[in-house]
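Me: Happy to have some company on this one. Could you walk me through the model step by step?

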Amino acid sequence: MRLRPGQQVASTVDGTRMIVVRAPAAEVELRCGGAPMVDAGQAAAPTATADPALRDGTRLGKRYADEDLGIELLCTKPGDGTVEANGVALRIKAAKPLPASD
Amino acid sequence: MNVTILLDMAADGFGDRIVAGSRDGGLTASRLRALATGAARRIRESGAEAVVHLAANGPAFPVAMFAAAFAGVPLVPVNYRLGDEQLGRLLAGHPNAFGIAEEDRHDALKGAGLPARTPEEFVRDAGEAADHGEEEDVRSEPDATAVLIYTSGTTSEPKGVLLRHHNLVSYVLGTVEFASAGEDEAALMSVPPYHIAAVSNVLTNLYAGRRCVTLPSFTPHAWLELVRKEGVTNAMVVPTMLARIMDAPDLDRSVPGLRSLAYGGARMPPRVIERALREWPHVDFVNAYGLTETSSTIAVLGPDDHRAALASGDPRVRARIGSAGRPVPAVELEIRDEGGRPLPPGERGRIWVRGEQVAGEYAGHGSPVDERGFLDTRDQGRLDDEGYLFVEGRVDDTIIRGAENIAPAEIEDVLLRHPGVADAAVVGVPDEEWGQRVEAVVVPASGGDLDPEELRGYVRERLRGSKTPDRIACWPELPRTATGKVVKRDIVTGLTSAPVVPRG
């Protein structure tokens, strides 16, 4: 699927939801727990089951990224499944806080 | 992408944490969400197309902001001190709005055909709706307007800037880490709710998990007392507030719990920030430069920058204390000449900015961004060789004397360095020979006596003759907006209409 910044994506195996922060222009195959993720607007209750080998889980508010692919997703609802982009598991990106200005 | 996502995440991630008000009796993130969805039901029932918040800072403000979002309508925070006529003109643009205001402005709202309730009534009704399980969650598209803010209009009539959900959310996600604030932290926002900083402040603090307290009416004493009493760790002020805190006599200025102080909205006199740095060495100072149109901050001068500038022997580094710092990662800046060509570092020009957080539209006026997506800030400035941005005043305030363009900021900086000067503003006044001539108004430091001729000589020693003000008047204070911006057209009026008093 072609991803746009601001787009929300949902897992089809659990309650995981992410918001796209950065994405490449090309199509990306996004999976959670081994099953495809869909646009959150089209998500129904999870129907598939997660691959037991792909259950790294996600944490609320963390950013999951792959620099080579140029993708960054922010977790808005956590779940058990591992999130992968084009077969590569996305890792938590370390926070680089700016001085609080507001 | 909708601002309600930020509140959903807060309620999910730290629902029991107090996010607004005092440690005892404040609102938790969960309760804030419940109040917002309850209030959203009331807003939808009323059929309103916008929520007008015409009051000072308080708990009703964040409830109103999220309630509007859950109801799928924009929030319109309005200056509660506007005169009836100006307010009437502004409200005419929002004929079907849900009004929230203190009693003393209810007549103005009713005059515009808007039913009104007080902030207290609004929060109470929201609580009743929430407690009865009534809620609304009709979220708009990312392109929908989340907040409509009227610009301060110091150099032109106020325009309504449309901040869409995606502008605000991308600003928050780009600058804040979720739940990064400790439970012991607390933020004090003293800027009024109709200013962009107050809007983004609600969102960034909530997302970070930082409790927000409010001070409806600023005085140096009240500010210091509240900071100590509520254990405020992060505060935001406009420069005139910091000047007043530093200049007020006989005050206990100790703030041992304060960790960071952010300021913005107008230029900070170097004398004031240097004094604050010396008086509160444990505090991290942050200068945030931004516009309503940029959803808040686009350049930051951080704590390390402040300390390095204060300690440095290198004049170029020292000068940075008067800068706006460096652009935030998510934006690009360009300095362009009047022909629109980008200029190299060191050259003065107009500041343009591009980024996801930059609003692309004014209500009823079309887009302020060019074909490359850059917004004209209408501020004059330059970048130094390491990318520090120096903002030198509004382009509209540039004085054109003969064939020369003169930036008032350059002359103001020199005047503000004089030990007898507490405040200063330089303007162009109509002149038959030159088009405009340079004049200045200064406010003497307390107890001081200023000799305008001596002051003119002081300026002439440091700048070219053409930049020396022809006349310097002494006033007890400068006309400023509630957010601390100098109203230069009022200064020009004051200088050109008052009779010239002959000096004896």
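Reply: Gladly! A residue is buried if 20 or more other C-beta atoms lie within 10 Å of its own, exposed if 12 or fewer, and partly exposed in between, with C-beta atoms placed from the backbone. This is a predicted model, where local features need pLDDT of at least 70, side-chain atom pairs count only at pLDDT 80 or more, and totals for chains, interfaces and linings use all residues. Residues are numbered from 1 along each chain as its sequence is written, while chains are lettered from A and ligands numbered from 1 in the order in which they are written.

Me: Which burial class does Asn86(A) fall into, and why?

Reply: Asn86(A) lies in the loop between strands S8 (83-85) and S9 (88-89) of chain A; strands (E, at least two residues) and helices (H or I, at least four) are DSSP runs, numbered from the N terminus. Its phi is near 50°, a positive value in a residue other than glycine. Because Asn86(A) has 15 C-beta neighbours inside 10 Å, the class is partly exposed.

Me: Which burial class does Ala179(B) have, and why?

Reply: Ala179(B) sits in the loop between H7 and strand S9 (186-189) of chain B. Here phi is near 55°, again positive in a residue other than glycine. Since Ala179(B) has 19 C-beta neighbours inside 10 Å, it counts as partly exposed.

Me: Which helix gives the most to the largest nonpolar core?

Reply: A nonpolar core is a set of buried Ala, Val, Leu, Ile, Met, Phe, Trp, Tyr and Cys residues joined through C-beta atoms within 7 Å. Among the 158 residues of the largest one, Leu6(B), Val51(B), Val63(B), Ala64(B) and Ala67(B) touch the most other members. With eleven residues, the top contributor is helix H3 (residues 60-71) of chain B.

Me: How many residues of chain A are in contact with chain B?

Reply: Contact requires C-beta atoms, placed from the backbone, to lie within 7 Å. Elements giving two or more residues to the chain B side include helices H1 (3-14) and H8 (196-208). On chain B, 32 residues take part, and on chain A the number is 15.

Me: What is the bridge partner of Ile335(B) in S17(B)?

Reply: An open sheet of chain B has the order S16-S17-S18-S19, with antiparallel pairing; strands pair if DSSP finds at least two bridges between them. Strands S16 (332-336) and S19 (389-394) are its edges. S16(B) and S17(B) (residues 349-354) are joined over five bridges, and the partner of Ile335(B) is Ile351(B).

Key
Contact = placed C-beta atoms within 7 Å.
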